[in-house]
Amino acid sequence: MEQFDPFDESQQDEPFGRLRVLRDDEPIAEVAPGVFYVSRYEDIVAIARDPRTFVQGGLSPFEEGARDDDLLLLGEMNPPEHTKVRRIYSSVMSQRRLRAFEPAIRAVCDELVDGFAARGHAEMIGEYAGPIPEAVTGLLGGFPREAWPMLRPASDDQVTVRAEPPGSPAYLAARARIEAFEEYLRALIRERTRATDRPDDMLTAFIEYVDESGNPLSERKIVTLLGTDIVSGGIETTTHLLGNLLYLLLSTPGAYDRVRVQRTLVPVAVDETLRHSGPVQVLFRTPTTDVEIRGVHVPAGSMVCVGYGSGNRDERVFADPDRFELDRGASSPHLGFGSGIHLCVGAPLARLEVTQALHALLDRFPTMRLAPGFRYRRVPFFIMRGPRRLDVELSAEGTAPAPPDHPSADGSIP
Ligand code: HEM
């Protein structure tokens, strides 16, 4: 078997066999000069829990050093600034606010289901898993309806400016669109600041936030938190989680029906998806001093790839880890939302969205299956795991189901 290379696109659809070899034979592997891949659960958790030694790697290598605190994302910050900004998020995404939005989130899902229910087939990424987080981010974020279509392109542009060298045509085009989006956000912030009767959403919460010394957030900081952290942290990830969840339920014999009948399994299925096929497979840390991990010398300043997706398949922690299994118990210690002080701050929102989205489908479709010949193909971005598209056949309550004939009926899970 060819050696694992996290940057090789051709290995991305099915990396798990190579990752198992890595966990067994070379748990701290130098996969490129100065780039160390950490594949075992225990080591990943130890690194995540030592943020003093393993600091966040900047997500914009080409712009390193050029951005002040107002422009840094939460995921790029280190304590003590990180602790302060994280507190802002916890207040903005309170359980009370999330609960208040639950009926509106469900209404978004029902409206999308109406769009394909009678047709008998759908492409669930384009028609469902993609639009839901766009609308939910729009609703909770406090973006007016006409701004919702801007959110996914804004999220895509954030990826482009981090991946492309400054000055390249792709970089310049994305940068120009980001500037236009931020201009729009600044106008939105000013308009909302002037308003007397403000709706209870994240935009209002950011505007009204004051720290313990009574200082409000600057306009630039609100633009970063809302326009970048929330938009780019929550849209693509949630699309992939819902895509992977539906794929696993439909490719595991009996799973869709079991969850449909026994709804307490809905949150279990969501967490098992985060373990088995989490949208975020790997992230990065940088050691501040030379360290030794399992006898391997990792120099200060090197890139440490924290293989969350591999840790989630570690047979030392999860029995039969390649199986999607609804009987693992309710509190799986998976790494799908990371671990330690950077554990995903949007996790309660992501869980709420995906749970509502699944209930909306289970309520309407007693039968759903993968389209004949469907093959899982992963999005071409090595950090992420999610299907590019998901073609399904479905029958709404009262219509006859189509005959079972798709090739994944043997339950094989890529
Ligand atoms: C299924 C959906 C999601 C997945 C799988 C996911 C995954 C993750 C992971 C693995 C981390 C840890 C980063 C690290 O270790 O450096 C993280 C952090 C973060 N996520 Fe999420 N996320 C999801 C949804 C969301 C949503 C909906 C939001 C915003 C509304 C969000 C905002 C953030 C932010 C701001 C951080 C940085 C936290 C910190 O550094 O303290 N995420 N996420």
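Helices (H or I, at least four residues) and strands (E, at least two) are DSSP runs, numbered from the N terminus. The views show a predicted model, in which local features need pLDDT of at least 70 and side-chain atom pairs count only at pLDDT 80 or more, whereas totals for chains, interfaces and linings use all residues. Residues are numbered from 1 along each chain as its sequence is written, and side-chain values use heavy atoms, with hydrogens and water left out.

**View 1. The shell around the ligand.** The ligand is surrounded by 27 residues, a residue being counted as near if one of its heavy atoms lies within 4 Å. His-82, Arg-86, Tyr-308, His-342 and Cys-344 come nearest. Helix H10 provides six residues, the largest share of this shell, and helix H3 (81–92), H10, E5 and H14 each supply at least two. By residue class, the shell holds 13 nonpolar, eleven polar and three charged members; here Ala, Val, Leu, Ile, Met, Phe, Trp, Tyr, Cys and Pro count as nonpolar, Asp, Glu, Lys and Arg as charged, and the others, Gly among them, as polar.

**View 2. The iron atom and the polar contacts of the ligand.** The protein offers the iron atom of the ligand a single donor, the SG atom of Cys-344, which is 2.3 Å away; donors are N, O and S atoms within 2.8 Å of the metal (3.2 Å for Na, K and Ca), and since water is not among the atoms, sites may look incomplete. Cys-344 itself belongs to the loop between helix H13 (308–311) and helix H14 (347–364). Oxygen atoms of the ligand also make polar contacts, meaning pairs of N or O atoms within 3.5 Å (within protein, one must be able to donate a hydrogen and the other to accept it, and residues adjacent in sequence count only if both atoms are side-chain atoms). An N or O atom in the side chain of His-342 is 2.6 Å from an oxygen atom of the ligand, a polar side-chain atom of Arg-285 lies 2.9 Å from a ligand oxygen, and a polar backbone atom of Leu-74 is 3.4 Å from a ligand oxygen.

**View 3. The sheet of five strands.** This open sheet follows the order E1-E2-E8-E5-E3 and has mixed pairing, two strands being paired if DSSP finds at least two bridges between them. Strand E1 (28–32) and E3 stand at the edges with a single partner strand each, so one side of each is left without a neighbour in the sheet. From one strand to the next the twist averages 40°, where axes are lines fitted to C-alpha atoms (for helices over the stretch in contact) and angles run from 0 to 180 degrees between N-to-C directions. Strand E2 (residues 35–38) runs parallel to E8 and is joined to it by four bridges, with Val-35 opposite Met-303.

**View 4. Strand E5 and its two partners.** Three antiparallel bridges link E5 to strand E8 (residues 303–306); in this pair Phe-284 faces Cys-305, and Arg-285, which also contributes a polar contact to the ligand, has Val-304 as its bridge partner. Strand E3 (residues 54–56) is likewise joined by three bridges to strand E5 (residues 283–287), again antiparallel, and Phe-54 stands opposite Pro-287 there.

**View 5. The sheet of three strands and helix H10.** A further open sheet has the order E4-E10-E9 with antiparallel pairing, and its edge strands, strand E4 (121–123) and strand E9 (367–370), each pair on one side only. The twist here averages 25° from one strand to the next. Three bridges connect E4 with strand E10 (residues 391–395), and His-121 stands opposite Glu-393. Helix H10 (residues 219–251) lies across E9 and E10, in contact (heavy atoms within 4.5 Å), and runs at about 100° to E9.

**View 6. Two backbone details in loops.** Pro-79 and Pro-80 are joined by a cis peptide bond, with omega about 5°, and Pro-80 lies in the loop between E3 and H3. Arg-294, although not a glycine, has a positive phi of about 45°; Arg-294 sits in the loop between strand E6 (291–293) and strand E7 (296–298).
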